[in-house]
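Here's a quick tour of a model you can follow on screen as you read. Have the viewer open and click along.

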Amino acid sequence: MSVKNAMTADFLRSAYGGESMAHMRYLIWGNQAEKDGFPNIARLFKAIAYAEQVHAGNHFKELDTQTGDYTVAAGGVFGEQNIVENLQGAINGELHEVEQMYPVYLEAARFQGEKGAERSFHFALEAEKIHARLFQDAQNAAKEGKDISIKSVNICPICGHTILDEVPDKCPVCGAKGELYKSF
Ligand code: FE2
Ligand code: FE2
Ligand code: FE2
């Protein structure tokens, strides 16, 4: 599906920018966590970086008829600090998306009858709720100088749904088959 209304197209571009930056930021912070001796928190960052790539890709696809150059404004979080501070940056970014950005973008897409954008924003919103919780749990451990204990982080490649240690038969958000999940 392709977006038709200018307002929803702007929101898709902004969300694409935000997801793209989150993707890169989590890779950077994942490398940092690795160096600091938190391999599982590093894995969480890298897996969630992939989920953000899925979101960026979904938004990009909805913009397939909007060819040309655009200046894209999106909130970017900066700073490479210690692991607790980096996790706080991640929590703040995810909560901004959960509490402010995606609910508003989702309502705009609904109001404008943009089914594809609505789906793309819905997928992202549901994953970001999980990301905020997972980063909070990781920060609680890191504050005590501990890594998290996890077996795997599993990501749905269609919607970015994120789940620790197990793969469901079917994605609870988009219905994709469990065998499609990418495991980290
Ligand atoms: Fe995302
Ligand atoms: Fe996220
Ligand atoms: Fe999914």
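In which helix does arginine 110 lie? Arginine 110 lies in helix α3, where helices (H or I, at least four residues) and strands (E, at least two) are DSSP runs, numbered from the N terminus.

## Before you start

This is a predicted model, so local features need pLDDT of at least 70 and side-chain atom pairs count only at pLDDT 80 or more, while totals for chains, interfaces and linings use all residues. Residues are numbered from 1 along each chain as its sequence is written, chains are lettered from A and ligands numbered from 1 in the order in which they are written, and side-chain values use heavy atoms, with hydrogens and water left out.

## The paired iron ions

Start with the iron ion (ligand 1). Its protein donors are Glu19 (OE), listed twice, plus Glu52 (OE), His55 (ND1) and Glu128 (OE), at 1.9 to 2.4 Å. Donors here are N, O and S atoms within 2.8 Å of the metal (3.2 Å for Na, K and Ca); water is not among the atoms, so sites may look incomplete. Read along the chain, the donors of ligand 1 follow E-x32-E-x2-H-x72-E. Two of them link distant parts of the chain: glutamate 52 sits in helix α2 (residues 39-62) and glutamate 128 in helix α4 (residues 115-143), 76 residues apart. Glutamate 52 and glutamate 128 are both buried, with buried meaning under 20% relative accessible area, exposed over 50%, and partly exposed in between (1.4 Å probe, protein chains only).

Now the iron ion (ligand 2). Glu52 (OE), Glu94 (OE), listed twice, Glu128 (OE) and His131 (ND1) are its protein donors, lying 2.0 to 2.3 Å away. Their spacing in sequence is E-x41-E-x33-E-x2-H. Glutamate 52 is in helix α2 and glutamate 94 in helix α3 (residues 83-111), so this pair ties together parts 42 residues apart in sequence. Like glutamate 52, glutamate 94 is buried. Glutamate 52 also bridges ligand 1 and ligand 2, and these two iron ions lie 3.8 Å apart.

## How the helices pack

The axes of α2 and α4 come within 10 Å and cross at roughly 165 degrees; axes are lines fitted to C-alpha atoms, for helices over the stretch in contact, and angles run from 0 to 180 degrees between N-to-C directions. That makes α2 roughly antiparallel to α4 (under 35 degrees counts as roughly parallel, over 145 as roughly antiparallel, 65 to 115 as roughly perpendicular and the rest as oblique). The residues of this contact divide into 14 nonpolar, six polar and three charged. For that tally, Ala, Val, Leu, Ile, Met, Phe, Trp, Tyr, Cys and Pro count as nonpolar, Asp, Glu, Lys and Arg as charged, and the others, Gly among them, as polar.

Helix α1 (residues 6-35) packs on α3 at about 165 degrees, with the axes 11 Å apart, and α1 and α3 are therefore roughly antiparallel to each other. What about α2 and α3? Their axes come within 13 Å and cross at roughly 30 degrees, so α2 and α3 are roughly parallel.

## The four-cysteine site

Move on to the iron ion (ligand 3). Cys156, Cys159, Cys171 and Cys174 each give an SG donor, at 2.3 to 2.4 Å, and the spacing along the chain is C-x2-C-x11-C-x2-C. Cysteine 156 is in the loop between β1 (153-155) and β2 (162-164), and cysteine 171 in the loop between β2 and β3 (182-183), so the pair ties together parts 15 residues apart in sequence. Cysteine 156 and cysteine 171 are both buried.

The site of ligand 3 is tetrahedral, with angles of 101 to 118 degrees among its four donor atoms; four donors earn that label if all angles lie between 85 and 135 degrees. The ideal angle for four tetrahedral donors is 109.5 degrees.

## Residues worth a click

Aspartate 165 is in the loop between β2 and β3. Its phi is near 70 degrees, a positive value in a residue other than glycine, and aspartate 165 is partly exposed at 35% relative accessible area.

Threonine 71 is in the loop between α2 and α3 and counts as exposed at 83% relative accessibility. Back at arginine 110, the relative accessible area is 41%, which is partly exposed.

Methods:
Four donors count as tetrahedral if all angles lie between 85 and 135 degrees; four count as square planar and six as octahedral if opposite donors are over 155 degrees apart and all others between 65 and 115; anything else is irregular.
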